Structures are given as C-alpha cells and as structure tokens.
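Biologist: Could you take me through this structure slowly, as you would for someone in a first year of study?

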Amino acid sequence: MKLYRTTNGAYVEHGGSYYSVAENLWDALVMQDDLHLYLQSAIANGEAATEFPSAQILAPIGNQEVWAAGVTYYRSRSARMEESKSAGGGDFYDRVYSAERPELFFKATASRVAGPGGYVRIRSDARWSVPEPELTLLINHRGQIIGYTVGNDMSSRDIEGENPLYLPQAKVYDGSCALGPCVLISPEPPPPSTPIRIEISRGGVAEFSAAITLAELKRELSSLVEYLFRDNTFPFGAFLMTGTGIVPPDSFTLASGDRIRITIDPIGTLENDVVQGN
Ligand code: DO4
Ligand code: MG
C-alpha cells in the first residue's frame, strides 16, 4: 500500500482508492509499532476519500534525516574513478566498492528536500551536475525498514571530482534532494528485477534516458541499514538512499528548466524541474 503526505493530511492508497489516515503527524506515523498493520486497519475501517485529488502531494518527510549510500553499483564506481582521476582520488572509489564497510554520507534535512512537482537545484558554483535516481528506504527508529520511496541525489560532479573531500559540498545544499511521490509500505522490498528508470527532458524534448534493475545493487539493504544505525540513533527514523546505478555520459550536465522523471514501478514516478541559483 502507498502512503502519501499531502496538504490535507496523510492518505493511504489501496486498490485505486484513497483512505484518510487519522494520525496526521508524519513523525508519529513513522514511529508506529507496526505501520503496515495500522494502515491496513485504516483501510478496513475507513471510507474511500473523494478529496484526495484536490490535495497537494508533499515530500514524505517529517523530522527524518536523509542519508545516502555511495558506490553501490559498478557504474557509479567507474564514473567516479574517471571524474576524480586527475585529483588522484580514483582509487578510493574502487576500494570502497569492494570493501566490507559501505560509503554512507549525510545527504539532507527536510528543508533541503523537494517533493513531487517541486524544484531541485543545481549549485550556483557548479558547472557539471547530474541527478542520481535511487531506491530510498524509510527506516523507523528501531532500525526496521518500513517502506520504500523514489529518491534523487542531486550531485555536482565537478566539485566532487576536484577533490573527494569536497563531497559534502557536492551533495548537500538547498534543493539537493527529492523524495516521493509516496512511500510504499511493505514488509518486502521490490524484487531485484524491478527497474529504476530516468528520463530527462529539455524544452519538452528527450535529452537522456536510462534504466537499471535493482539486481545490480551490490549491497544488501539490511547491511546498509545495519551500518547506518551502528553507533547512531535516529529518534524519528531516517531515509537511506541506496546509491545510483545510472550516470549520464560525461558530455551531459543538467540545466535550468530541465525536467527529471524517475520511476520505480511499484512506488511511482517522481517528477521535478531543475533551477540553478535562487
Ligand atoms: O562517492 C560519492 C557518492 C556516490 C553516490 O552518491 C552514489 O554512488 O550514488
Ligand atoms: Mg548517489
């Protein structure tokens, strides 16, 4: 079932109908003992809501921090080795790809996250920027994966490539992340055959498109979560982006006005327009 955060409160979608959820505080929903069961009873005891179409869908986030895993697909390893070669950083990406400990980094707070239909940003001082389409986990404060959403880990390749120590600046800034359109609340992850698709259009014309399946993700989801929660507490839970398997060719950079559509079928499509500067 799909959980939406909207301007009219939370809704759960099931079989094409939308049911209003009594608990309106997103953080309290994420902290439910068993959110799946709670939403099942909202569906069983509720009436299908007719006002859902008029609600604006918001990013599905409250006080959760957003973290991200890196170099979890071979394509990400290779693209980053190439972009940081002249800075002498290439070797680090190969090493982290095969190391037992994953790369995990802080990505965003809610104020930096765009929702469906919102704007993602290119840094004003970046010359080479890309979106990174990523399956994103919603994890409760007990470290249990409770849901799955679509994420965009916007990245400045020139800044990261100049020096790996610039990673936080390449990755964390206003509008650097998008999440949505909903959270798929499911005890099971989407199957490995699930495609992650991206389409980027410019002036209505297709500029870049690609797809990859979750089968190419090198790490177990549970292992990424275990590392994230090791010696770290998340009182409101956390989102964890699981890395990108799609990197556009080196000749491509995002521009203001581009439209990005990322689809992970059991969840939906996250669509955002791009701006640079304010
Ligand atoms: O190592 C830098 C970031 C990697 C990343 O964001 C990814 O692989 O998705
Ligand atoms: Mg990424």
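The questions below go from the metal site to the aromatic rings and then to the strands and a helix.

Modeller: Before we begin, this is a predicted model, in which local features need pLDDT of at least 70 and side-chain atom pairs count only at pLDDT 80 or more, while totals for chains, interfaces and linings use all residues. Residues are numbered from 1 along each chain as its sequence is written, chains are lettered from A and ligands numbered from 1 in the order in which they are written, and side-chain values use heavy atoms, with hydrogens and water left out.

Biologist: Which residues coordinate the magnesium ion (ligand 2)?

Modeller: Donors are N, O and S atoms within 2.8 Å of the metal (3.2 Å for Na, K and Ca), and as water is not among the atoms, sites may look incomplete. Along the chain, the donors of this ion follow the spacing E-x1-E-x18-D. At 2.0 to 2.1 Å, the coordinating residues are Glu-132 (OE), Glu-134 (OE) and Asp-153 (OD).

Biologist: Is Glu-134 buried or exposed?

Modeller: Buried means under 20% relative accessible area, exposed over 50%, and partly exposed in between (1.4 Å probe, protein chains only). Glu-132 has 4% relative accessibility and therefore counts as buried. Glu-134 has a relative accessible area of 0%, so Glu-134 is buried.

Biologist: Which helix holds Lys-171?

Modeller: Lys-171 counts as buried because its relative accessibility is 2%. Leaving aside residues up to four places away in sequence, Lys-171 touches several residues, including Glu-132 and Asp-153, where contact means heavy atoms within 4.5 Å. Helices (H or I, at least four residues) and strands (E, at least two) are DSSP runs, numbered from the N terminus, and the one that holds Lys-171 is H6 (residues 167–171).

Biologist: Why is the pair of Trp-67 and Phe-234 edge-to-face?

Modeller: Rings of Phe, Tyr and Trp (its six-membered ring) pair if their centres lie within 6.5 Å, and planes under 30 degrees apart count as stacked, over 60 as edge-to-face and the rest as tilted. The structure holds six aromatic pairs. In the pair of Trp-67 and Phe-234 the centres are 6.2 Å apart, and the pair is edge-to-face because the planes stand at 85°.

Biologist: How many residues apart in sequence are the parts that this pair ties together?

Modeller: Both Trp-67 and Phe-234 are buried, and they form one aromatic cluster with Phe-106 and Phe-229. Trp-67 lies in strand E5 (residues 65–70) and Phe-234 in the loop between helix H7 (221–229) and strand E16 (238–241), so the parts tied together are apart in sequence by 167 residues.

Biologist: In the hairpin of E2 and E3, which residue takes a positive phi?

Modeller: Two strands pair if DSSP finds at least two bridges between them, and four bridges join E2 to strand E3 (residues 17–20), which run antiparallel. In E3, the bridge partner of His-14 is Ser-17. The hairpin has two residues between the strands, and the residue with a positive phi, near 55°, is Gly-15.

Biologist: What arc do the buried residues of helix H2 cover around the axis?

Modeller: In helix H2 (residues 35–45), the buried residues include Leu-35, Leu-39, Ala-42 and Ile-43. They lie on the same side of H2, because around the axis they cover an arc of only 95°. The arc is that of the directions from the helix axis to the C-beta atoms, and its value here is 95°.
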